[in-house]
Amino acid sequence: MKVVLSARSSAGALIALALAVLTALAVLTAGAPRASAATGVSTIAAALRESPVYVDPAASAQLSQAEAHALQQQIEGADKPLFIAVLPAGYPTADLFTDLRTATGVTGLYAIRLGDRFDARADSSVLSRTAVRNLVASVQDQGDAKTQLTDFSDRALANMGGSAPDSWSSSGGGDGISSTALITAGVVLVAGGAGAYTLVRRNRRRHDAEQRAALDRLRVVVDEDITAFGEELDRLDFHPSEPGADDAMRADYESALDAYEQAKSVMAAATRPEDVRSVTQALEDGRFSLARLAARRAGRPLPERRPPCFFDPRHGPSATDATWTPPGGATREVPVCAADATRLADGRDPVIREVDSDYGRRPYWEAGPAYGPWAGGYFGGGILPGLLVGTMLGGIMAAPSYASDYGTGYGDFGGGYEGGDVSGADFDPGDFGGFGGGGGDFGGGGGGDFGGGF
């Protein structure tokens, strides 16, 4: 939401705005010293609108000021809407996440360390419930707050969507703001005819920059794929006029060449991450044409159309399905090439495609949202959700904001608020309430907020 006053705005409007701002400033500065406000949800929310990390004075032994500052810098440096609150063990827990999200009013991922317990909630446009649950479970056994919160932040920042709220950049990174500074800022803003405390929606230029960064990362991976396919064409060493070549072989070879050229041209013209889907789809079509050509030349039965090897599509069309369990995930059947099927049968690890992420080399399904279009072109919308269930990429791709940005083909999700946008109370309470559908077990059992599983 933006408040704009034109040159023709009445003096009465400016006076009313000035009074509203100064009244709000008076309330803030008058209420700041009160000890009772230190643990109020409104106070926590106000702090989180200015900085991603809040440590309650009664919980300062859990996370030192230096550790909190380092965590703040980590989150702000990643430019993601991750909010962390460290609270004492006896803090009231009824509807805590829902109330905090309502009071903060910003779309994002909210994590709370309460005594020695930990859990998180997120707007679905930022991170799916499955992804939140997996992230929380991955750090539940870490006892000290610093290690737990740092590891959670590392993993969450690599996989969540959205951008940091604009209010963080205006806070200056300090620990507090004096009443004089607040009043001065309020007077300047009123004189300039701008809304002083309105958090604005995400800047379109920032969104475009994120898209360009995602596409640049994808270019590296796709260029490797295109090069690998070109090398396959060379190794095949097929000549349309060679002895024994027939029209069917020549048609397969021509289809493979066309796919190669299409992949190169589409990638050269790509302007958005979702454009990559057409590139990898063309490469997969080309590999199947090569498989048919190889079978014809060898006098073997023509292969059936199967998805590529899940572990690395460059391995070519899969030969069979094999049972595989990702670390910390559920067992599922995935299409695999003959070599990886043998490795799995022997108890060895498959050869997995790793790509660059913000936190080093990782399997593509754990490397962040940009790789969704890349995987979608290889595996298609029908098979991909089942393959990726329980993985970070699978959780992200189920989110509405991901579908809107990267065009996964999982349905018409529409628009809505992006991560970091100011939505106020306009959010799905099912993402935050009940403490049973978001993160891990917050103390065992079931039921309400902080009484059992989130």
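Two strands pair if DSSP finds at least two bridges between them. Strands here, like helices, are DSSP runs numbered from the N terminus, with at least two residues (E) for a strand and at least four (H or I) for a helix. With those terms in place, V53 stands opposite I84 in β2.

Good morning, colleagues. The model that I present is predicted: local features need pLDDT of at least 70, side-chain atom pairs count only at pLDDT 80 or more, and totals for chains, interfaces and linings use all residues. Residues are numbered from 1 along each chain as its sequence is written, and side-chain values use heavy atoms, with hydrogens and water left out.

I begin with the sheet. Its 4 strands follow the order β1-β2-β3-β4, and the sheet is open, with mixed pairing. β1 (53-55) and β4 occupy the edges with a single partner strand each, so one side of each has no neighbour in the sheet. On average, neighbouring strands of this sheet are turned by 10° against each other, direction ignored; axes are lines fitted to C-alpha atoms, for helices over the stretch in contact, and angles run from 0 to 180 degrees between N-to-C directions. The pairing of β1 with β2 is parallel and extends over 3 bridges.

Which strands does helix α4 lie across? The answer is β2, β3 and β4, with the helix running at about 130° to β3. Helix α4 covers residues 96-104, and L96, F97, T98, L100, R101 and T104 in it are buried. Buried means under 20% relative accessible area, exposed means over 50%, and partly exposed lies in between, with a 1.4 Å probe and protein chains only. The packing partners of these buried residues are α2 (41-50), β2 (82-87), β3 and β4 (117-122). One of the α4 residues, F97, has R121 over its face, at 5.8 Å from the ring centre. For such a placement, NZ of Lys or CZ of Arg must be within 6 Å of the ring centre and within 35 degrees of the ring normal. Just after α4, G105 adopts a positive phi of about 75°.

Two residues of this region deserve a direct look. L114 belongs to strand β3, residues 109-114, and is buried at a relative accessible area of 1%. Between L114 and T93 there are 9.2 Å in space, C-alpha to C-alpha, although they are 21 residues apart in sequence. A89, by contrast, sits in the loop between β2 and α4 and is exposed, with a relative accessible area of 54%. Contact means heavy atoms within 4.5 Å. Neighbours within four places in sequence aside, A89 is in contact with L114, G115 and R117.

I turn next to helix α11, residues 276-298, where T280 is found. Is T280 buried or exposed? T280 is buried, with a relative accessible area of 0%. Which backbone oxygen does its side chain reach at 3.1 Å? That of W374; the side chain of T280 also reaches the backbone oxygen of R277, at 3.3 Å. Beyond four places in sequence, T280 is in contact with D225, P373, W374, G377 and Y378.

The aromatic residues come next. A pair of aromatic rings is described by the distance of the centres and the angle of the planes. Rings of Phe, Tyr and Trp (its six-membered ring) pair if their centres lie within 6.5 Å; planes under 30 degrees apart count as stacked, over 60 as edge-to-face and the rest as tilted. Across the whole structure, a search finds 16 aromatic pairs. F311 and W324 form an edge-to-face pair, because their ring centres are 5.3 Å apart and their planes stand at 85°. Since F311 lies in the loop between α11 and β5 (320-324) and W324 in strand β5, the pair ties together parts that are 13 residues apart in sequence. Both F311 and W324 are buried. Y364 and W365 also form an edge-to-face pair, at 5.0 Å centre to centre and 75° between the planes. Y364 is buried at 0% relative accessibility, and W365 is buried at 3%. Ring pairs link F310, F311, W324, Y364, W365, W374, Y378 and F379 into a cluster.

Finally, a hairpin. β7 and β8 form it with 2 residues between them. Strand β7 (residues 354-357) and strand β8 (residues 360-363) are antiparallel and pair over 4 bridges, with S357 opposite G360 in β8.

Note on methods:
A polar contact is a pair of N or O atoms within 3.5 Å; within protein, one must be able to donate a hydrogen and the other to accept it, and residues adjacent in sequence count only if both atoms are side-chain atoms.
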